[in-house]
Amino acid sequence: MSDDDYLLAALRIAAGSDPIPARVSADARAVYGLRLPGAVTAVPVGPPPHVGPGRRPPSGTRSGGSGTRSGGDGDPLSGFGADAIGVGGVGRRLGGGGRHGDGAPRLLRFAAGGVTIDVEVTIGDTHIDLAGQVRPAPGDGSRVEIRTPHISKIRFPSETGEFATTGLPHGWLSIVCHRPGLPPVATRWQCLRP
Amino acid sequence: MPYDLDLPDETAWRELVERFGYRMWAVARAFGLGPADAADAVQAAWLRLVESLPSIRDPERVGAWLVTTTRHEAARIGRRRAGAPLTGLPADIPAMDGDPAAALLSEDEGRRLWAAVDTLREPCRSLLRLIVTAPEAGYAQLARRLGMPIGSIGPTRIRCLRRLRTLLEDDHRRNDDP
């Protein structure tokens, strides 16, 4: 971008010929509600070396039923609270059977404060599925929160720290591991689109 | 204007959006990003800010930081659109450096920008107006409308933008040193 490009873009906006979409400003204001006081931010450290397409889905992940609930009060998650497709469902997608979009899962690894969060993301035409693992396994009373700017899903990780969910909208995503008595660990926000 | 970001003050946050959203959008659009990609670049900067709140020591410079971060994210999205391989995941957030090019643009500054265009002599005034309001017009169309040789449109555009920039810098200095 040259200074001239910027100046012309500024002129266009000031002329009203390129107004900022109301949605952009509304989303910016809403980001304030995504603060996580005291959280440790886990930064991307590259893809996990031990997984690849066709990796086995996590097993034993508890999700659905009492293991799934909506995020904060008033969170517009009601439509998602009962989606709890079992891990087998996600696993079939990740394993190839139900794959959609370009189908290739994206592998992401985040780390901070001695915690590693591995995530395998499948970006479909209409939504995102993911499976992941927190290491070391966060233990009893922990929960994994999968956040988008507008919805949040809670999963209780398995004994080995695995979790999964499906049906997330395209766009921004962050995963937070809440552990009793310890600061939450939140991955940096990632933009995931087809 | 200082922003006390240590406090969970939603009003301060809204003021930030009000004050800097305008120029963040301009920076993203100046990269040639479409509206959807520009929205992602702007949203990225806000999300990086919320991730970085605890480490921000100089609230006075948050505006420059937001603009720099938007530019960084817009460049990354631009590279991806161009098919260039991404070198890994999003890099670290840029340092909170000053950004002279972003010394524009609030709504009031936008008005001053156009007031400056109006003080330019022809053909600069008409040329800039046309470029801005009819971005799809090619050099041939601009040349016809302005009665200029097509070969002089490019150099004239550069010269006019330089003049405009000088005017704005003078204006800025006058406001700084009354």
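Here are some notes on this two-chain model, which is predicted.

1. **Chain A in outline.** Chain A has 3 helices and 10 strands. Reading from the N terminus, the order is α-α-β-α-β-β-β-β-β-β-β-β-β, so if you want your bearings, start there. Of its 194 residues, 52% count as buried. Looking at contacts in chain A with a separation of 6 or more, 63% are between residues 24 or more positions apart.

2. **The interface.** Now to where the chains meet. On the chain B side, 48 residues are in contact with chain A, and 40 residues of chain A are in contact with chain B. The size of an interface is often given as the accessible area lost when the parts come together. Here the area buried between chain B and chain A is about 4,300 Å², and carbon and sulfur atoms give 68% of that.

3. **Polar links across it.** Between the two chains I'd point to 3 salt bridges, and to 9 residue pairs in polar contact, with both residues at pLDDT 80 or more. On the side of chain B that touches chain A, the elements giving two or more residues are α1 (10–30), α2 (35–52), α4 (107–119), α5 (124–133) and α7 (153–176) of chain B. The top contributor is α1(B), with 12 residues. By type, the residues on this side of chain B split into 33 nonpolar, 3 polar and 12 charged.

4. **A charged network that spans the chains.** One salt bridge to look at joins A:Arg188 and B:Glu51, at 3.3 Å from N to O. B:Glu51 also meets B:Arg48 in a salt bridge, at 3.2 Å from N to O. B:Arg48 and B:Glu51 sit 3 residues apart in helix α2 of chain B, about one helical turn. Neither is out in the open: B:Arg48 is buried, with a relative accessible area of 1%, and B:Glu51 is buried too, at 15%. Through shared partners, salt bridges join A:Arg188, B:Arg48, B:Glu51, B:Glu73 and B:Arg76 into one network.

5. **The main core.** Which residues have the most contacts inside the largest nonpolar core? They are A:Leu11, B:Trp13, B:Met24, B:Trp46, B:Leu49, B:Leu66 and B:Leu164, in a core of 64 residues. Again α1(B) leads, giving the most to this core with 11 residues. For a close-up, take B:Leu164: leaving out residues up to four places away in sequence, B:Leu164 touches A:Leu7 and A:Leu11 from chain A, plus B:Leu113, B:Ala116, B:Val117, B:Leu120 and B:Leu128 from chain B. Apart from the main core lies another core, of 22 residues, including A:Ala112, A:Val119, A:Leu173 and A:Leu192. As background, nonpolar side chains tend to be buried together in soluble globular proteins.

6. **A salt bridge between strands.** The structure holds 13 salt bridges over all chains. One of them pairs the side chains of A:Asp118 and A:Arg135, at 2.6 Å from N to O. A:Asp118 lies in strand β3 (residues 115–123) of chain A and A:Arg135 in strand β4 (residues 128–135) of chain A, so the pair ties together parts that are 17 residues apart in sequence. The two ends sit in unlike settings: A:Asp118 is buried, at 4% relative accessible area, whereas A:Arg135 is partly exposed, at 30%.

7. **A salt bridge within a helix.** Compare B:Glu10 and B:Arg14, which form a salt bridge with their closest N and O atoms 4.0 Å apart. Both residues lie in helix α1 of chain B, 4 residues apart, about one turn of the helix. B:Glu10 is partly exposed, with a relative accessible area of 37%, and B:Arg14 is partly exposed as well, at 43%.

8. **Cis peptide bonds.** Most peptide bonds are trans, so these are worth a look. A:Arg135, from the strand pair in point 6, is joined to A:Pro136 by a cis peptide bond, with omega about -5°. A:Pro136 lies in the loop between β4 and β5 (143–147) of chain A. In chain B, the peptide bond from B:Glu122 to B:Pro123 is also cis, with omega near 10°. B:Pro123 has its place in the loop between α4 and α5 of chain B.

Methods
Residues are numbered from 1 along each chain as its sequence is written. Chains are lettered from A and ligands numbered from 1 in the order in which they are written. This is a predicted model: local features need pLDDT of at least 70, side-chain atom pairs count only at pLDDT 80 or more; totals for chains, interfaces and linings use all residues. Side-chain values use heavy atoms; hydrogens and water are left out. Contact means heavy atoms within 4.5 Å. Buried area is the accessible area (1.4 Å probe) that two parts lose on being put together, summed over both. A polar contact is a pair of N or O atoms within 3.5 Å; within protein, one must be able to donate a hydrogen and the other to accept it, and residues adjacent in sequence count only if both atoms are side-chain atoms. Ala, Val, Leu, Ile, Met, Phe, Trp, Tyr, Cys and Pro count as nonpolar, Asp, Glu, Lys and Arg as charged, and the others, Gly among them, as polar. A nonpolar core is a set of buried Ala, Val, Leu, Ile, Met, Phe, Trp, Tyr and Cys residues joined through side-chain atoms within 4.5 Å. Buried means under 20% relative accessible area, exposed over 50%, partly exposed in between (1.4 Å probe, protein chains only).
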